Amino acid sequence: MAVFFYNIFLLLYRTGIRIASLWNKKARLWLDGRKNIFNRLSAELRTQDSKIIWFHCSSLGEFEQGRPVIENFRKQIPNSKFLLTFFSPSGYEIRKDYKGADWIFYLPLDSKTNAKLFFDVINPSLVVFVKYDYWYYYLTECKKRNIPLLMVSGIFRKDQPFFKWYGNLHRSMLNSFTNFFVQDKESLQLLQSIKINNVTVAGDTRFDRVSEIAENFTPIDAIEKFCSSSPVLVSGSTWPEDEKLIKDSTVNFPDLKIIIAPHEIHTEHIDQLRSIFPNAMLHSQLKAHPSHPITSNCLIIDNIGILSKLYHYATIAYVGGGFNKGIHNTLEAAVYGKPVLFGPNYKKFKEAVGLIEKGGGICISSSNELSVILQKFINNRTELELSSKRSFEFVKQNKGATEKILHYIKANRLLTN
């Protein structure tokens, strides 16, 4: 009966996407990216005789968690080939040219037929799902074929269906996994409560990823010129609610340089930002005319790919999303040793909770609170350095998940079959 309702859900999902694609760009990309996908997969993979390792990520955030595992696999298993799939356009469209994988595709929508055909085509030796995205037919087909299946950076909460009376189908999906590498002891205990014992507490691979980024930092000349010697607030992955808050809280800080890297960089949003910050410069303008004098204390980043570097230049970092669906990646800022500020919707994000507990993160609920915090850090060097140190130490202490996963694979000889 549960499978019947799951199939109804898949049918409704497919129908909803088709209807939404008439006006929604992401839905249209979702559909277009899956056209003739099995023909394209077959054409790309048909001549391969190397072992294939399949990594699946729901979207961009999960990719960043899986990335250090992929790249370390490549170093240690150079003769294998890597297939990377995404469910969401926001992951695929940004990372479709990623050089760390041999092939990058959308994952066909789950179904018994699609899952069987997918495995027939790719025939992987190892499958890795990152954090979540549980698809019944793909997971059970993997188990049928006795292919090792790992979950990395998994995290579980007691309100999920796995732990509810109606969660039989979801629990059956978990039985397909060879091992779970979870982020915390709470996830371990929840899984054990439903008799899932093949679990390793490894931590979050994003700590490894952001550490690699920071270690390989290279300067951005235009940003250095803009920042000069002023205090700098770098606001990353912001939404309109964050941007209005930043505007209202910084009016009394004439010497503060503000860098805003919004979550959406489409023309309408950039225009909206420029109406909020009418004297702001665009990063594209600054790059195009590097010799022009800096005439504004606000810089809007109208491209993607540099946010993780921007936090290096921050005196104080603000991470957006906390007044929306949930905060974005706080670790990208914390790794550089910066106080990390964010809105109240953060409690589902373990790393943000940890940052607050360690004293490197601060929750902001209003523009007045943000103004007070900015004043404290700008005027009190000791407070700034203490919070910065705590952020850096928090990231440093939580590194190592990737190494634990690789050790498990070697110790259990998962790639020798």
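Select Leu-84 first: its bridge partner in β3 is Ile-104. You are looking at a predicted model.

**The open sheet**

Widen the selection to strand β2, residues 81-86. β2 and β3 pair in the parallel sense, over 4 bridges. Now show the whole sheet. It is open, has 7 strands and runs in the order β3-β2-β1-β4-β5-β6-β7, with parallel pairing. Go to the edge strands, β3 (103-106) and β7 (199-201). Each of these pairs on one side only. Turn the view along the sheet: from one strand to the next, the twist averages 20°.

Next, add residues 112-122, which form helix α6. α6 packs on the sheet and touches β1 (52-57), β2 and β4 (126-130). The direction of α6 makes about 140° with that of β1.

**Strands β8 and β9**

Move to residues 232-238, strand β8. β8 runs parallel to β9, and 6 bridges join the two. For one of these pairings, pick Val-232 and find Lys-257, its bridge partner in β9.

Now select β9 itself, residues 257-262. How many of its residues are buried? The count is 6 of 6, and the strand is mostly covered. In a regular strand, side chains alternate between the two faces of the sheet. Colour β9 by side. Lys-257, Ile-259 and Ala-261 lie on one side. Ile-258, Ile-260 and Pro-262 lie on the other. Both faces are covered.

**Ser-237**

Go back to β8 and centre on Ser-237, which is found in that strand. Is Ser-237 buried or exposed? Its relative accessible area is 13%, so Ser-237 is buried. Show its contacts beyond the neighbours within four places in sequence. Two of them, Ala-261 and Pro-262, you have already met in β9. The others are Asp-242, His-263, Leu-307, Gly-320, Gly-321 and His-328. Then pick Asn-329, 92 residues from Ser-237 along the chain. The C-alpha atoms of the two are separated by 8.3 Å.

**Helices α12 and α13**

Last stop: select α12 (residues 240-249) and α13 (residues 267-276). They pack at an angle of about 20°, with their axes 10 Å apart. That angle makes α12 roughly parallel to α13. The crossing of the two helices is right-handed. Display the side chains at the contact. From α12 come Pro-240, Glu-243 and Lys-247. From α13 come His-269, Gln-272, Leu-273 and Ile-276. Colour this set by class: the contact residues divide into 3 nonpolar, 2 polar and 2 charged.

Terms used:
Residues numbered from 1 in each chain as written. Predicted model: local features only at pLDDT ≥ 70, side-chain atom pairs only at ≥ 80, totals over all residues. Heavy atoms only, no water. Axes fitted to C-alpha atoms, helices over the stretch in contact; angles between N-to-C directions. Parallel < 35°, antiparallel > 145°, perpendicular 65-115°, else oblique. Left-handed = near helix turned anticlockwise from the far one by under 90°. Contact = heavy atoms within 4.5 Å. Nonpolar A, V, L, I, M, F, W, Y, C, P; charged D, E, K, R; others polar. Buried < 20%, exposed > 50% of the residue type's maximum accessible area, 1.4 Å probe, protein only. Pairing = 2+ DSSP bridges.
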